[in-house]
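Student: I have a new structure to look at and I'd like to learn how to read it. Could you walk me through it?

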Amino acid sequence: MALAKQAYAVSNFTCAIDGVAAGFLNSFDPPTMEVDKISVALGPDCETQQALGNLNFGDAKASINPAHSAAWLTVINSVFDKACTEFQIRVDLADHNYKSKRAIAMAGCLIKKIGLGKLAAGDGKKLWDMSFEWESEDVIYEKGTDAVIQGVLGTKNKNWLCSNFEPMGMPGGIEANSVIDIDCGSMSAKVGKEHVGMLRQASKHYTKWDVDGVKSTHSSIAYNTALAYVNKVIRDGAIQDEEYAPWSVDLKDQTFKTVLGSINYTGSACQKFTWSPQLKSGDTMSNFTIDWVVQTIRFEPKHK
């Protein structure tokens with residue numbers, strides 16, 4: 001006998017930030033609720049007694065298409081600007097009639113990581129998206145309201161292809177038309193916890209920021225240019241402060257005439273050079289990769 005009357009899928013959900021509808025999420029991993037486990041060894045009995053300690057909430061994760069995300073981009077850009085503020089998030093999960101059946105309310109949220117995904121010229125079957133993680137000071141799990149969830153689709157969400165991009169001003173004069181793919185990197189914010197005796201939950205505060213994970217793969221047409229650059233910087237160490245250069249990547253629509261958004265880097269230089277992928281028989285073309293150090297990173301949407 002089917003039990004479908006009380007069951008529903010995880011595919012119908014929507015979110016709001018600070019009470020304002022925040023478009024559509026591609027995916028959402030909700031935070032867990034748990035307490036610390038305290039183990040006490042009991043010598044005479046050879047057993048370990050268990051007790052429960054402080055309350056903790058796990059990290060939440062989500063990904064978005066930038067076309068749906070005006071509210072999210074406001075929060076994300078506050079991280080890039082190092083002007084981060086706390087925000088509130090509510091996510092409703094609905095049944096097949098789009099009626100809210102359960103909800104999760106997260107308070108005192110702080111973004112701790114923003115990932116800008118990967119651009120790949122050969123991947124014509126994927127839309128580009130952004131991912132992010134956050135911590136919450138408080139999480140409340142609720143029953144649904146039975147209200148019908150709804151939202152407004154972005155008008156250009158279908159244009160954000162991973163394959164349509166143009167790098168500009170790459171350090172060392174490396175040819176832009178040699179770029180096969182780019183791991184666009186991430187910005188991570190360290191979050192510190194502060195406990196006080198009167199409260200069960202910890203308060204959370206930003207402490208520092210890091211940028212990492214920027215990597216590009218190139219066709220052999222740029223090998224000579226890149227080799228001169230990486231030998232100069234990595235092998236010889238001949239780089240001055242002013243040579244940690246800015247560069248950017250434009251994400252474009254299918255016509256390659258409209259710029260949907262730009263990823264901008266500053267303080268960048270090559271950190272690692274990989275001469276070639278594994279040499280073996282097959283149909284793989286020769287290429288090389290460069291890992292980059294980056295001082296700052298920022299995403300700027302231009303699709304309005």
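**Reading the salt bridges and the core**

Tutor: Let's start with one residue: Arg90 counts as partly exposed, since its relative accessibility is 24%. Here buried means under 20% relative accessible area, exposed over 50%, and partly exposed in between (1.4 Å probe, protein chains only). Keep in mind that this is a predicted model, where local features need pLDDT of at least 70 and side-chain atom pairs count only at pLDDT 80 or more, while totals for chains, interfaces and linings use all residues. Residues are numbered from 1 along each chain as its sequence is written, and side-chain values use heavy atoms, leaving out hydrogens and water.

Student: Which residue forms a salt bridge with Arg90?

Tutor: The general idea is that side chains of opposite charge can pair when their charged atoms come close. The cut-off is a side-chain nitrogen of Lys or Arg within 4 Å of a carboxyl oxygen of Asp or Glu. The partner of Arg90 is Glu142, with the closest N and O atoms 2.7 Å apart. Glu142 lies in strand E11 (residues 138–143) and Arg90 in strand E7 (residues 87–94), so the pair ties together parts 52 residues apart in sequence. Strands (E, at least two residues) and helices (H or I, at least four) are DSSP runs, numbered from the N terminus.

Student: How many salt bridges does the structure hold?

Tutor: There are nine. Asp59, Lys112 and Glu135 are linked in a network of them. Lys112 meets Asp59 at 3.0 Å, N to O, and the closest N and O atoms of Lys112 and Glu135 are also 3.0 Å apart.

Student: Are those three residues buried or exposed?

Tutor: Glu135 is buried, at 8% relative accessibility. Lys112 is partly exposed at 21%, and so is Asp59 at 29%.

Student: What about the nonpolar core? Which residues have the most contacts inside the largest one?

Tutor: A nonpolar core is a set of buried Ala, Val, Leu, Ile, Met, Phe, Trp, Tyr and Cys residues joined through side-chain atoms within 4.5 Å. The largest one here has 66 residues, and Trp72 and Trp134 have the most contacts inside it. Helix H1 (residues 70–80) gives the largest share, six residues. Contact means heavy atoms within 4.5 Å; leaving aside neighbours within four places in sequence, Trp72 touches Cys15, Phe87 and Trp134, among others.

Student: Which element has the lowest mean pLDDT?

Tutor: pLDDT is the predictor's confidence in each residue, from 0 to 100. Among the elements, H1 has the lowest mean, 80, and helix H2 (residues 223–235) the highest, 97.
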